[in-house]
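Here is a small set of exercises to work through at your own pace. Have a go at each task first, then follow the solution step by step.

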Amino acid sequence: MTIVKRRDFLIQSAGALAAAWPLSRALALRGQTQQPADYTIRIAPLQLEIAPGKIVKTTAFNGRVPGELIRVREGRQVTLDVINQTNAPDIVHWHGLHIPSSQDGAVEEGSLESAPHGGTQRYTWTAQPTGCRWYHSHAFAGRNVNRSTYTGEFGFLIIDPPQNPARYDQEIFLALHDWEGHIQGGAEGYQEVVYSHATINDRMLGFGEPIRVRQGQRVLLHLLNASATLMHNLSLPGHKFQVTALDGNPVPRPALVETIRMGPAERVDAIVTMNQPGVWILADTDPDIRKSGLGIVVEYAGQSGEPKWRDPAASDFQYENFGDTPATVAPDPDEVVIPLIFKPKFEGYGDFDHWTINGLSWPNTKNILLKEGTRYRLVLDNQSTDIHPVHLHRHSFELKTLNRKPTAGILKDVVLLQTNAKTEVVFTAMNPGKTLFHCHQQDHMDSGFMMMFDYA
């Protein structure tokens, strides 16, 4: 079953209606009339063939990876039903949206899970802000690498502005994912997740349809790192990416780069001008990850032959490439500074490291109270040798300093914290309610790297 739009609702199968029956019956008992959802997302087991004869057993949305594109106009109210046909509770997070806590899709904020074996949960929210967002499972995984972001439960969510004149010839969505994770001992005794295979969308390199282009085309790539734990670096030999947006937000200075770096949950929008005819490989720059399958062929019209790969000259992707020069480095007088220190806590051989924020691990952290309308500066102090993609729910933040390098104008909802370095971001408390903050690396989040902001 695919994502269902309102006009298609009446022709859905009896099976879909039966799956929605518990919710419909509950509403009827309360004297309410159940209206059709704008979209229906079904979570179910899937045997995904990522290469001929190579089957990955996973769970996914509506029988495909990634889930079907959800695309709506800014300001539109959207209703979505999530039907859970797995044997465990699950929940869908609407990543990057400025919506109420109850609709955000995180149990820690008060959103409700979909019960197993056909349970339905309805979400209603107003589409904002514009840009490339995404939706994914926000369930606890722990040591179960067949749950949450380890699975195929993810999809693109695009919020279009009221007027959106196209300045490109093609628009292509590419999601990066790692498969068949297993836990093994790391070099320092702790446990980590490693993977057997990787894909762009649902196919390993060489086994899917190529991206077909014509010389002179401007191709808009929506790139998403949907990996549970790994960073990825992409390159397309002979071409450069003009980065236009980070995490769906337009950058102040679109710039050309040869490589794109993304931590888990980050998105990059980039225009590629197709000016090097041939058959090329768009792929991860790491040869081992490339061999595991993370790549896709780009084929010009009229060209043939073996796809070509060439290592990039350098890794030139830095956030500050796309930002403005700030007028001042010092915090504004009206900003409230909140220091957050992140450290690992070794739990012994055969276990994941646990993580602390200001010395405490979730769920034993202390909520930090926010006052609506106040501007806050988070001083993110990564006192570890790991890079962390940290995510703030229901808000966007502006990057201010990156390891003491000032910048301005870059809005994101995930930022990669470099090892043993400080990053400063600012945001305005404009969306009352519980607001989760966590590392988006699944094993770190499940091992205590999480805390809550709340509004006074």
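**Exercise 1. How does Ile-341 count at 32% relative accessibility, and what surrounds it in space?**

Step 1. Start with the cut-offs: buried means under 20% relative accessible area, exposed over 50%, and partly exposed in between, with a 1.4 Å probe and protein chains only. Ile-341 is partly exposed because its relative accessibility is 32%.

Step 2. A note on what you are looking at: this is a predicted model, in which local features need pLDDT of at least 70 and side-chain atom pairs count only at pLDDT 80 or more, while totals for chains, interfaces and linings use all residues. Residues are numbered from 1 along each chain as its sequence is written, and side-chain values use heavy atoms, with hydrogens and water left out.

Step 3. Now place the residue: Ile-341 belongs to strand 22, residues 335-345. Strands (E, at least two residues) and helices (H or I, at least four) are DSSP runs, numbered from the N terminus.

Step 4. Next, look for partners, where contact means heavy atoms within 4.5 Å. Setting aside neighbours within four places in sequence, Ile-341 touches Thr-356, Ile-357, Asn-358, Asp-381 and Gln-383. Take Asn-358: 17 residues separate it from Ile-341 in sequence, but their C-alpha atoms are 5.0 Å apart.

**Exercise 2. In what order do the strands of the open sheet with edge strands 3 and 5 run, and which residues face each other across it?**

Step 1. The order is 3-8-7-5, giving an open sheet of 4 strands with mixed pairing. Its edges are strand 3 (67-73) and strand 5 (92-95), each of which pairs on one side only. From one strand to the next, the twist averages 20°, with axes fitted as lines to C-alpha atoms (for helices, over the stretch in contact) and angles running from 0 to 180 degrees between N-to-C directions.

Step 2. Two strands pair if DSSP finds at least two bridges between them. Strands of a sheet pair through backbone hydrogen bonds, either parallel or antiparallel.

Step 3. Strand 3 and strand 8 (residues 154-160) run parallel and are joined by 5 bridges. Across this pair, Ile-70 stands opposite Leu-157.

Step 4. At the other edge, 4 bridges link strand 5 to strand 7, and this pair is antiparallel. Here Trp-94 faces Tyr-135.

Step 5. Finally, check the side chains of strand 5: Val-92 and Trp-94 point one way, His-93 and His-95 the other, and all are buried.

**Exercise 3. Which strands are the edges of the open sheet with order 2-1-4-6?**

Step 1. This open sheet has 4 strands and mixed pairing. Strand 2 (54-61) and strand 6 (119-126) are its edges, each pairing on one side only. Neighbouring strands are turned by 30° against each other on average, direction ignored.

Step 2. Strand 4 (residues 77-84) and strand 6 run antiparallel, with 8 bridges between them. Leu-80 sits opposite Tyr-123 of strand 6.

**Exercise 4. Where are the cis peptide bonds before Pro-129 and Pro-363, and are Arg-394 and Asn-420 buried or exposed?**

Step 1. Most residues other than glycine have a negative phi, and most peptide bonds are trans.

Step 2. Gln-128 and Pro-129 share a cis bond, with omega about -5°. Pro-129 is in the loop between strand 6 and strand 7 (131-137).

Step 3. Trp-362 and Pro-363 are likewise joined by a cis bond, with omega about 10°. The loop that holds Pro-363 connects strand 23 (354-357) and strand 24 (368-370).

Step 4. Arg-394 has a positive phi, near 65°, and lies between strand 26 (388-392) and strand 27 (397-402) in a loop. Its relative accessible area is 1%, so Arg-394 is buried.

Step 5. Asn-420 also has a positive phi, near 45°, in the loop between strand 30 (414-417) and strand 31 (421-428). Asn-420 counts as exposed because its relative accessibility is 54%.

**Exercise 5. How many helices and strands does the protein have, and what share of its residues counts as buried?**

Step 1. Count the elements: there are 4 helices and 33 strands.

Step 2. Of the 456 residues, 57% are buried.

Step 3. Among contacts with a separation of 6 or more, 76% come from residues 24 or more positions apart.
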